[in-house]
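Take a look at the chain below. The report after it moves from the whole chain to single residues.

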Amino acid sequence: MEKILVAGANGTTGKKIISILQHSDKYQPIAMVRKEEQVSHFKNEGVETVLADLEKDVSNTTKGIDRVIFAAGSGGKKVKEVDQEGAKKLMDASKNDGVKKFVMLSSMGADNPEQASDLQEYLRAKHNADEHLKQSGLHYAIVRPGALTNDDGNGKIEIDNKLNKSGEIPRRDVAETLVGSLEDSVANNKTFEILKGETYIKAALEKI
């Protein structure tokens, strides 16, 4: 079983990622959490944890880790410290420890933050983190969903390098796409956008 570090494991999308990984026959989730009280939640679920704060030193988090999913976010409060610099630090640690692939939860609009009507600071932070990942030498997938909803996922998405439209997507389908992107043979060194759609996630990822 490959060990998958999930940064932002305690978030709404992060918990869905952990759940999907728990039911996988080839991946073991490692939940990266910031607070001691969050550790017990995952321990009760039988999930191993790593205690680390993206605003501080994270060099200890990727030892023995095979792949990383970055789904952490500051909720708009500390976008530079967490969404940008925290992500970059985790990439650097991943590179140092020989992580095989780094899957980044980004956002539509991160390719051109200056054009956004709102959330410019957040999108700029995501853009800078994405660019750092592209230059890191790590194998990567950068997943850029539209607006996240808490609707039930149906396991189907619309996908392209650039969709040229806005829209929504359930968090569950985003989580499944992130996990699906862990494979070496899928979405390798690719950046792509996703919305809810009509193509099953596995088939959609094979096209990108």
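The mean positions of the 31 positive and 33 negative charges of the chain are 1 Å apart. Lys and Arg count as positive here, Asp and Glu as negative, while His and the chain ends are not counted. Each charge is placed at NZ of Lys, CZ of Arg, CG of Asp or CD of Glu.

This is a predicted model: local features need pLDDT of at least 70, side-chain atom pairs count only at pLDDT 80 or more, and totals for chains, interfaces and linings use all residues. Residues are numbered from 1 along each chain as its sequence is written, and side-chain values use heavy atoms, with hydrogens and water left out.

**The whole chain**

The C-alpha atoms fill a box of roughly 40 × 35 × 30 Å along the principal axes. A compact globule of 208 residues would have a radius of gyration near 17 Å, and the chain agrees, with 16 Å. That radius is taken over C-alpha atoms, and the globule rule is 2.2 Å times the number of residues to the power 0.38.

Of the 208 residues, 51% count as buried. Buried means under 20% relative accessible area, exposed means over 50%, and partly exposed lies in between (1.4 Å probe, protein chains only). The chain exposes about 9,900 Å², with 42% of it supplied by carbon and sulfur atoms. Accessible areas come from the Shrake-Rupley method with a 1.4 Å probe; for residues, only the protein chains shown count as cover.

Now the contacts, meaning heavy atoms within 4.5 Å. Among contacts with a separation of 6 or more, 69% join residues 24 or more positions apart.

**Helices and strands**

The chain has six helices and eleven strands. These are DSSP runs, numbered from the N terminus: helices are H or I with at least four residues, strands are E with at least two.

What is the order of the nine strands in the open sheet? It is β3-β2-β1-β4-β5-β6-β10-β8-β11, with mixed pairing. The edge strands, β3 (48–51) and β11 (199–200), each pair on one side only. Two strands pair if DSSP finds at least two bridges between them. Strands of a sheet pair through backbone hydrogen bonds, either parallel or antiparallel. Strand β1 (residues 2–7) and strand β4 (residues 67–70) run parallel, joined by four bridges. Ala-7 stands opposite Phe-70 in β4.

Helix α5 (residues 171–180) is mostly covered, with seven of its ten residues buried. Among them are Val-174, Ala-175, Leu-178 and Val-179.

**Around strand β10**

Here are four residues from this part of the chain.

| Residue | Place | Relative accessible area |
|---|---|---|
| Ala-187 | loop between α5 and β10 | 3% |
| Asn-189 | loop between α5 and β10 | 35% |
| Thr-191 | strand β10 (residues 190–196) | 18% |
| Gly-197 | loop between β10 and β11 | 12% |

Most residues other than glycine have a negative phi. Ala-187 has a positive phi, near 45°. Asn-189 also has a positive value, about 55°.

Which residues does Thr-191 touch, not counting those up to four places away in sequence? They are Lys-134, Tyr-140, Ile-142, Arg-144 and Asn-161. With sequence neighbours up to four places away left out, Gly-197 touches Asn-154, Lys-156, Ile-157 and Glu-158. Gly-197 and Asp-151 are 46 residues apart in sequence and 14 Å apart in space, C-alpha to C-alpha.
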